[in-house]
Amino acid sequence: METMKAVQLLAPRKTVLAEIPVPSTPADGLLLKTRCVSICSTDISFFEGHLFPSEYPVILGHEYLGEVLDIGPDFDQEDADIRVGDRVVYWGQTDFGGFAEYRTVRPIFSGQVKADVFEADRNFYDDRRAAAVKIPDEMSDLEASFIEPVTGALRSVLSNPPRIGDKVLILGTGPIGVIAGSVIKQLLAPNTVVSVDTNPARNAFAERQFSDKAYLPDELIDTVEEGTFDYVFDALPTVQGVEENKDPRRVAMRKLKAGGRYVLYGASQEMQKFDTWLILAKGINIRSAPFDVTSFPMHKSANVIASAMHMLRSGVVDGKALLSTVHKFSDYDGLVDIFENYRFTTDLKTIVDFRS
């Protein structure tokens, strides 16, 4: 039996470099050899214990680029035009397993309508298939690694866009906040787009990319009037250890106008502080792009992932500017160190490189 190396999470903050079997090619899917995987805050939330898999061990990593090694006999070749050697990126909730030398995927490409729906263990319906896109030859591996996070941000922004002329606040200027802010600023005709983050380096980067003004939290509290913004995009991770009146989510709700829209991107299974009084008093509309495929089918996400690739190729999103570090998969100890220190760095994106 062929085996492969994979980084398994055994429990929060406990990983091991394991030798496990190479998965079999699905009859209607693909076997991929991993090329690059970008580390995501979702990976870190699982590592830290803010999100929980249905069972351990789990292989993290889902911002994935792979090379097609094998094609199942029932794969829909006529619609997909996929050959051995092509590169593929996917987006899906059944999508972990990236930090391994090989993985499988049952893809849906833009224009296809397929589904394999099941009831997941976290209170939503998921699809065993994943939205996917074929990478053109002229796009580099490292840039293609950003298609998945751009897809996630686009699903939220395009399904819950600001109105023309809105005053927009981006909460958090990590990669997702920068992507969302860039798309809103360049394509959706806002009045202004500003942002807030605790990290001065990220604030400076945000101002170079999209933000008319990047605030530190206390600066936002002290200098911006309540009821200023029409629209908030929340790209924050789990927030802990902050005074209640300074919790950034509650602050953002105070800064929203009555009837304003609050778009939630990130997920945490730990309860976060949303101000129910302000929601009621102001009539704040809290929105999200659902993971549940009975509401947002995977074939629609397949159209979004195609658009995400276009955003990167056209420069609407500057993928090259988001890249901070390329780390070799062969350096396991260094990878664990990145997991441990992810929240304390000024870096944006780290790509784990599996290529020889």
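# Questions on a predicted model

Me: At what relative accessibility does Glu340 count as partly exposed in this model?
Reply: The model is predicted. The class partly exposed sits between buried, under 20%, and exposed, over 50%. Glu340 counts as partly exposed, and its relative accessibility is 30%.

Me: Which residue meets Glu340 in a salt bridge?
Reply: A salt bridge here needs a side-chain nitrogen of Lys or Arg within 4 Å of a carboxyl oxygen of Asp or Glu. For Glu340 the N to O distance is 3.0 Å, and the partner is Arg13.

Me: How many residues apart are Glu340 and Arg13?
Reply: The side chains of Glu340 and Arg13 meet in a salt bridge. Glu340 is in helix H12 (residues 332–341), while Arg13 is in the loop between strand E1 (3–11) and strand E2 (14–21). The pair therefore links distant parts of the chain, and Arg13 is itself partly exposed at a relative accessible area of 42%. The separation of Glu340 and Arg13 along the chain is 327 residues.

Me: How many salt bridges does the count come to?
Reply: Side chains of opposite charge can pair when their charged atoms come close. The pair of Glu340 and Arg13 is a salt bridge. By the rule used here, the count comes to 29.

Me: Which strands hold Arg35 and Glu67?
Reply: Arg35 and Glu67 form a salt bridge, with their closest N and O atoms 2.9 Å apart. The two residues are in different strands, so the pair ties together parts that are 32 residues apart in sequence. Arg35 is in residues 30–38 and Glu67 in residues 63–71, which are strands E3 and E5.

Me: Is Asp353 buried, partly exposed or exposed?
Reply: Asp353 forms a salt bridge with Arg355, and the closest N and O atoms are 2.9 Å apart. Arg355 counts as partly exposed at 29% relative accessibility. Asp353 has 5% relative accessibility, and the limit for buried is under 20%, so Asp353 counts as buried.

Me: Which residues do salt bridges that share partners join into one network?
Reply: Asp353 forms a salt bridge with Arg355. Salt bridges that share partners join this pair to others in one network. The members are Arg35, Glu67, Arg87, Asp141, Lys328, Asp353 and Arg355.

Me: Why is there no bond between the sulfur of Cys36 and the closest cysteine sulfur?
Reply: A disulfide is a covalent bond between the sulfur atoms of two cysteines. The two sulfur atoms have to be within 2.5 Å to count. The closest cysteine sulfur to that of Cys36 is in Cys40, and it is too far for a bond because the distance is 16 Å.

Me: How many disulfides does the structure hold?
Reply: The sulfur of Cys40 has its closest cysteine sulfur in Cys36, at 16 Å, too far for a bond. Cys36 is buried with a relative accessible area of 0%, and Cys40 is buried at 8% relative accessibility. The number of disulfides is 0.

Me: At roughly what angle do the axes of helix H4 and helix H10 cross?
Reply: Two packed helices are described by the angle between their axes and the distance between the axes. The axes of H4 (residues 147–159) and H10 (residues 298–314) come within 8 Å. H4 passes H10 in a right-handed crossing. The angle is roughly 115°.

Me: How many nonpolar residues does the contact of H4 with H10 have?
Reply: In H4, the residues Ile147, Val150, Thr151, Leu154 and Arg155 take part in the contact, and their partners in H10 include Val304, Ile305 and Met309. By class, the contact has 3 polar residues and 1 charged residue, and the number of nonpolar residues is 9.

Me: How many of the 8 residues of helix H1 are buried?
Reply: Helix H1 (residues 41–48) is mostly covered. Among the buried residues are Ile44, Phe46 and Phe47, and the cover includes E1, E2, E3 and H12. The count of buried residues in H1 is 6.

Key:
Residues are numbered from 1 along each chain as its sequence is written. This is a predicted model: local features need pLDDT of at least 70, side-chain atom pairs count only at pLDDT 80 or more; totals for chains, interfaces and linings use all residues. Side-chain values use heavy atoms; hydrogens and water are left out. Axes are lines fitted to C-alpha atoms, for helices over the stretch in contact, and angles run from 0 to 180 degrees between N-to-C directions. Helices (H or I, at least four residues) and strands (E, at least two) are DSSP runs, numbered from the N terminus. A crossing is left-handed if the near helix is turned anticlockwise from the far one by less than a right angle, and right-handed if clockwise. Contact means heavy atoms within 4.5 Å. Ala, Val, Leu, Ile, Met, Phe, Trp, Tyr, Cys and Pro count as nonpolar, Asp, Glu, Lys and Arg as charged, and the others, Gly among them, as polar. Buried means under 20% relative accessible area, exposed over 50%, partly exposed in between (1.4 Å probe, protein chains only).
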